[in-house]
Amino acid sequence: MQNTNLFNEFIQYENKKGESTMTQSESFTSENRFALALPENNPMPRCAVLLVLDTSHSMWGNGLLEMQESIRTFFQTLGHKQFFSPQVDIAAVGMGENLKVLENFTPMEKSSLPTMKIRPKGETPVGAALTLALETLRVQMETYRKQAAGCSVPQLILLSDGNSTDDFSAAAAAIRNMVEAGELECRAIVCGDDPDFDALKKIAGDHISCPRKGEMYNAFAQVGEIVSQTYEDQTEKILASQTAEPESDKCVDRFVLLDGSNIIHWTPDRSATLKYLLAITRELDAEKRPYLVFFDASARYRLPQSETAQFEALLRNDPTHFRQVPAGTCADLSILAYAQTLPESVIITNDLYREHAVAYPFVRDKEKLLHGMVFNDLIIFPQINKKILLAPEKAQ
């Protein structure tokens, strides 16, 4: 176990290594970047989202502008809600004269749909568009199966007034059968001045949003929140139900460094709490694994007042495991400098340390940084198929 003198040497080393280029304020800002980017072999389940958009001549003018703004809102909602790395693939089918796939399934962050130029033209063949959409979705689900990728229930979102220029009964029946079998979730957003609600209900059941004129973007935002929450709920069940043994226990006999200032913010609303960190350290204690937690000097001020005494007790009573770096010093650099002398160590954090990758290139090693995510009372580390159940809170 490393001693306190060595720890202090690291602090001095960091200050010489360029800490003067980063103020405490800047350090705090970097700690608030909690977007989780898992390695290329991301174990998160995939989620296919298919938009079927009315691109007929009736969408010219304000209708087109509103639709494009609404699509951007939909993407922004998904990106905002998913604080961990969501594996959402989005495709779109246009139903106008040039019936076609506007964009095949593409990872959400790489999609061009939010900026795509769409030229509305022709009538509204809802049946043909839905048939094309189902075939596009079938191919994508088959791709997931071939890749042995886990996937949540796919989502089909229809933007239409329901006034079809062709027979859509067969496609609607196929969609309802898939929904009843749990193979698809379908929702409709109403557009136009004279919608056919009976037709839309045959397709989407009761999952119909009817925004007022000029507020389509609100409906897309609401649907985006539903898609996001559905994906999160299904992902929790998929990951929690996995019973396979880890491919390799990457933490065994490895010194574990914990980015305490990052982990305390693993809450859905980015507020701070010690409970996730302490659940992890309890697990490490039970498994008799060596570890060290680093905090910024500002950490105590971010925690709720009810946890301040507990935080100070950890630093005072267990300095072997819990350390706070001096004010004006960046905890990130303490962690990385320590990790550099321990090649077999692993860092638990959702930070990517991109700004330190030149000085510490090992952060690019996908096995060096161990990312976690929280679902209700469960902490999951997908890279090693590790799950930690939070201890129930004591009654007041």
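**Exercise 1. Determine which residues of β2 are buried on each of its faces.**

Step 1. Strands are DSSP runs of E with at least two residues, and helices are runs of H or I with at least four, both numbered from the N terminus. β2 covers residues 87–95. Buried means under 20% relative accessible area, exposed over 50%, and partly exposed in between, with a 1.4 Å probe and protein chains only.

Step 2. In a regular strand the side chains alternate between the two faces of the sheet.

Step 3. On one side of β2, Gln 87, Asp 89, Ala 91, Val 93 and Met 95 are buried. On the other side, Val 88, Ile 90, Ala 92 and Gly 94 are buried as well. Both faces are therefore covered, and nine of the nine residues of β2 are buried.

The model is predicted: local features need pLDDT of at least 70, side-chain atom pairs count only at pLDDT 80 or more, and totals for chains, interfaces and linings use all residues. Residues are numbered from 1 along each chain as its sequence is written, and side-chain values use heavy atoms, with hydrogens and water left out.

**Exercise 2. Find the strands that pair with β2, and give the sense of each pairing.**

Step 1. Two strands pair if DSSP finds at least two bridges between them.

Step 2. β1 (residues 46–54) runs parallel to β2, and nine bridges join them. Asp 54 stands opposite Met 95 of β2.

Step 3. β3 (residues 100–107) pairs with β2 in the antiparallel sense over five bridges. Asp 89 has Pro 107 in β3 as its bridge partner. The connection from β2 to β3 is a hairpin through four residues.

**Exercise 3. Give the strand order of the five-strand open sheet and identify its edges.**

Step 1. The order is β9-β8-β7-β10-β11, with parallel pairing.

Step 2. β9 (322–324) and β11 (369–370) each have a single partner strand, so one side of each is left without a neighbour in the sheet.

Step 3. Within this sheet, β7 (residues 256–259) pairs with β8 (residues 291–295) over four bridges. Asp 259 has Phe 294 in β8 as its bridge partner.

**Exercise 4. Describe how α11 is placed and what covers its buried residues.**

Step 1. α11 (residues 305–317) lies across β8 and β9, at about 105° to β9. Axes are lines fitted to C-alpha atoms, for helices over the stretch in contact, and angles run from 0 to 180 degrees between N-to-C directions.

Step 2. The buried residues of α11 are Glu 307, Phe 311, Ala 313, Leu 314 and Leu 315. Their cover includes α9, β8, α10 (299–302) and β9, where contact means heavy atoms within 4.5 Å.

**Exercise 5. Locate the largest nonpolar core and the elements that supply it.**

Step 1. A nonpolar core is a set of buried Ala, Val, Leu, Ile, Met, Phe, Trp, Tyr and Cys residues joined through side-chain atoms within 4.5 Å.

Step 2. The largest has 31 residues; Leu 258, Trp 266, Ile 280, Phe 295, Ile 348, Ile 379 and Phe 381 touch the most other members.

Step 3. At least two residues each come from β7, α9 (275–286), β8, α11, β10 (346–348) and β13 (378–381). α9 gives the largest share, six residues.

Step 4. Another core, of 29 residues, lies apart from it and includes Phe 105 and Leu 130.

**Exercise 6. State how many disulfides there are, and check Cys 151.**

Step 1. A disulfide is a pair of cysteine sulfur atoms within 2.5 Å. The count is zero.

Step 2. For Cys 151, the nearest cysteine sulfur is that of Cys 47, 9.0 Å away.

Step 3. Cys 151 is partly exposed at 29% relative accessible area, whereas Cys 191 is buried at 6%.
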